[in-house]
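Hi everyone, thanks for coming. Let me put the model up on the screen, and then I'll walk you through its spaces, its ligand and a few backbone spots.

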Amino acid sequence: MSKRILVVANWKMNPATLEEARNIAQKTRRIASRLTHTDVVICPPNVFISVGASRTKSANTYLGVQSVSPYVEEGPHTGEVGVHMLRDLGVEYVIAGHSEERARGDTDAEVSKKVEVIVNENITAIVCVGEQTRDDGGAYLETLSEQIRNSLANIQKRNTKNLVVAYEPIWAIGAKDAMNPEQIYETSLFVKKVLTDLFGQDVAMKVKVLYGGAVNAVNASDIIKIGKVDGLLVGRESVHMSGFGELLRIIDGINL
Ligand code: PGA
């Protein structure tokens, strides 16, 4: 049996209307329903959660969100959405520590708190990590290792079944080109090594490591084949259905 590939569609703050959101979600589900070894997580903005919630058309489409509150009790937290509320709406994946959220002030400590509340609710946390810049001396590996360790500080080995790590070099997010697939391979191995140090090899083998940053239908195949990652986190392209549909079909056609 082929290995399953996970594709996370991070819609970010798109699209502009509910009708468009419904359209994108329906098309994504329809395409996903024809895929044989690809799972798709739709992460719309919270106001559009309802459009991603139905799994009637496709058993391999899941609902995710882009962020969550670190608070677990209902109460005076204006603007926050609790993880238990998301679970009640059928959310199965939550992105934590996206660099755009980190840039707005989330520290590793806050990310680790969010990861903790997500996995404790038996939801899968997609934890984003990635260096701001690369240097020839390899200092970025130290940064990456620290970020992974700190972001996962509150997660127990038994909860790692609810963990996905998305490696997203910040310089590639929103950029024209993705990182080259050989570098993606090297770095994803490094991520696995840090996970091995933290939780042991058995866990590190099972935790999916995704790549994100300027992924599209043109580069996706090499990223999976040469980069050897377990899936992709797709931003911009995930709301453009012609490109995203093609990307999904290409990925699904790879024999792993
Ligand atoms: P991008 O974003 O695909 O638009 O580069 C990826 C991400 O931020 O998750």
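Before we look inside, one bit of vocabulary: when I sort residues by class, Ala, Val, Leu, Ile, Met, Phe, Trp, Tyr, Cys and Pro count as nonpolar, Asp, Glu, Lys and Arg as charged, and the others, Gly among them, as polar. Please keep in mind that this is a predicted model, where local features need pLDDT of at least 70 and side-chain atom pairs count only at pLDDT 80 or more, while totals for chains, interfaces and linings use all residues. Residues are numbered from 1 along each chain as its sequence is written, and side-chain values use heavy atoms, with hydrogens and water left out.

Let's begin with the cavity. By cavity I mean a set of points, on a 1 Å grid over the protein atoms alone, where a 1.4 Å probe fits but cannot get out; a pocket is an open set with protein on both sides within 12 Å along at least five of seven lines, and lining residues have an atom within 4 Å of a point. Grid points are joined across faces, edges and corners, and a volume is the space filled by probe spheres set on the points.

Searching the whole structure turns up 1 cavity of 30 Å³ or more, and the largest cavity has a volume of about 50 Å³. Its lining consists of Gly-97, His-98, Ser-99, Arg-102, Cys-128, Val-129, Gly-130, Gln-147, Glu-168 and Ile-170. Helix H4 (99–103) and strand S5 (124–129) are the elements that give two or more residues to that lining. A helix here is a DSSP run of H or I with at least four residues, a strand is a run of E with at least two, and both are numbered from the N terminus. Sorted by class, the cavity lining has 3 nonpolar, 5 polar and 2 charged residues.

Now the open spaces. The largest pocket holds about 350 Å³. Among the residues that line it are Asn-10, Lys-12, His-98, Glu-100 and Arg-104. By class, that lining splits into 3 nonpolar, 5 polar and 4 charged.

The second largest pocket holds about 310 Å³. It is lined by 15 residues, and the closest to its centre are Lys-161, Leu-163, Lys-206, Val-207 and Lys-208. Strand S6 (163–167) and helix H8 (201–206) each supply at least two lining residues, and H8 gives the largest share, 3 residues. Here the classes come out as 7 nonpolar, 2 polar and 6 charged.

On to the ligand. Which residues are around it? They are Asn-10, Lys-12, His-98, Glu-168, Ala-172, Ile-173, Gly-174, Gly-213, Ala-214, Leu-233, Gly-235 and Arg-236, where near means that a heavy atom of the residue lies within 4 Å. This shell has 4 nonpolar, 5 polar and 3 charged residues.

You'll see some familiar names there: His-98 and Glu-168 also line the cavity, and Asn-10, Lys-12 and His-98 also line the largest pocket.

For close-ups, a polar side-chain atom of Glu-168 sits 2.8 Å from a ligand oxygen. A polar backbone atom of Gly-174 is 2.7 Å from an oxygen atom of the ligand, and a side-chain N or O atom of Arg-236 is 2.7 Å from an oxygen atom of the ligand. The ligand on its own has 280 Å² of accessible area, and the protein covers 99% of that. Those areas come from the Shrake-Rupley method with a 1.4 Å probe; for residues, only the protein chains shown count as cover.

A little further along the chain from Arg-236 is Ser-238, in the loop between strand S8 (231–234) and helix H10 (241–252). Is Ser-238 buried or exposed? It is buried, because its relative accessible area is 0%, and buried means under 20%, exposed over 50%, and partly exposed in between (1.4 Å probe, protein chains only). A polar atom of the Ser-238 side chain lies 2.7 Å from the backbone oxygen of Gly-235.

Last stop, the backbone. Lys-12 has a positive phi of about 55° although it is not a glycine, and it sits in the loop between S1 and H1. Pro-15 is in that loop as well, between strand S1 (5–10) and helix H1 (18–32), and a cis peptide bond joins Asn-14 to Pro-15, with omega about -10°.

That's my tour, so over to you for questions!

Definitions and conventions. A polar contact is a pair of N or O atoms within 3.5 Å; within protein, one must be able to donate a hydrogen and the other to accept it, and residues adjacent in sequence count only if both atoms are side-chain atoms.
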